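Q: Could you take me through one part of this protein slowly, as I am new to reading structures? I would like to look closely at the aromatic side chains, and then at a few other side chains.

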Amino acid sequence: MRMTKPVHTRRTFLSSAAALGVAGAVNVSALGQAETPADGFTVPAWYYRHHDADYSLDVPEEGFGGWIREPLTFSKNHTAVVVMHAWDAGTRDQFPGWHRVVPYIPRADAICRDVFPRLLAAVRASDLTLFHVVGGGDYYKHLPGYQHAVEIAGPAPEALPTVASDPIRDALAAHKQTYGYPATHNLDDIARGFARLDFAPNTKPLDGEGVAENGHQLHALCREKGINHLIYSGFAINWCLLLSPGGMAEMQKYGLMCSAIRQATTAVENKASARNEWCKELALWRVALAFGFVFDVDDFVGALPSTAG
């Protein structure tokens, strides 16, 4: 297959991508195979060609190959889709303080409404496993999928020891909370919102789908199913999906490849980035470089192997 170098506008330079230097996806032709292996399904995936820097240029990184979209083969038996922190966070009228500091909530609501129904229906009709990563309350603890994860995972590992604080450190933390994030006047609304947290209506787990609240439990579900590649959706790609319990940074330590579906996530943005969602674009580039691949939802849904097939 001929691989082309796209035009490097700022937007396209940071568009969907996937990782360099990680195992788990296969270019079938590179293996000398004429057909997709029985365990495989082929889907166009984005990865970033992070070589070679050109030191004859004013900016050596402009010599990199950039983003490449290429059909690659993935294992249907060892791949799972993850829905993480897809929450019903209420409305701005209900919790104005929460929405004042988490203004990606409307974007997440739109994704839950417009993207997840088709994505999850396709995954559930396919040979792929579907997991849910939860947190922020106890809205999930009655679910059989969560209770099963707790049972097979066993006792949680002992928490890491923490260092002692001091009055200056406490004062700095209080200053950040008061004047940075989330600001004292928003705290009550945030607490009230988390107190009634639930799954977004279109993302509730079905019976038989694993539900995990941390990496220890998600790892147990992966081991039970033979999963070594997690494809993440949910919120937010540069926050919870990256660093919360059960997120990419933790699961990579267990040996999991971690990828993402670009249209099924959004990001925490700042004043300068929000209009064009540059933090989302940078986060997907980080996924590409450090963790796995990035898929477009239409490509992914169209390539899923159906159980009926």
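A: Here is a walk through the aromatic pairs, followed by a glutamine and the cysteines.

First, some ground rules: this is a predicted model, in which local features need pLDDT of at least 70 and side-chain atom pairs count only at pLDDT 80 or more, while totals for chains, interfaces and linings use all residues. Residues are numbered from 1 along each chain as its sequence is written, and side-chain values use heavy atoms, leaving out hydrogens and water.

Let's begin with the rings. Rings of Phe, Tyr and Trp (for Trp, its six-membered ring) pair if their centres lie within 6.5 Å; planes under 30 degrees apart count as stacked, over 60 as edge-to-face and the rest as tilted. By this rule there are 13 aromatic pairs. One of them joins W87 and F194, which sit edge-to-face with 5.5 Å from centre to centre and 80° between the planes. This pair links distant parts of the chain, since W87 is in strand 4 (residues 87-88) and F194 is in helix 7 (residues 187-195), 107 residues apart. Helices (H or I, at least four residues) and strands (E, at least two) are DSSP runs, numbered from the N terminus.

How covered are these two rings? Buried means under 20% relative accessible area, exposed over 50%, and partly exposed in between (1.4 Å probe, protein chains only). W87 is buried at 15%, whereas F194 is partly exposed at 29%.

Another edge-to-face pair is F95 with W98, at 6.3 Å centre to centre and 70° between the planes. Here F95 is buried at 4%, and W98 is buried at 5%. There is also an aromatic cluster, formed by F41, F74, F293, F295 and F300.

Now for the glutamine. Q217 is part of helix 8 (residues 215-225) and is buried, with 6% relative accessible area. A polar atom of the Q217 side chain lies 2.9 Å from the backbone nitrogen of E213. Beyond its neighbours within four places in sequence, Q217 is in contact (heavy atoms within 4.5 Å) with Y146, A149, V150, A153, V211 and A212.

Finally, the cysteines. A disulfide is a pair of cysteine sulfur atoms within 2.5 Å, and a search of the whole structure finds zero of them. For C222, the nearest cysteine sulfur is that of C258, 8.6 Å away. C222 is buried, with a relative accessible area of 1%, and C112 is buried as well, at 5%.

Methods
A polar contact is a pair of N or O atoms within 3.5 Å; within protein, one must be able to donate a hydrogen and the other to accept it, and residues adjacent in sequence count only if both atoms are side-chain atoms.
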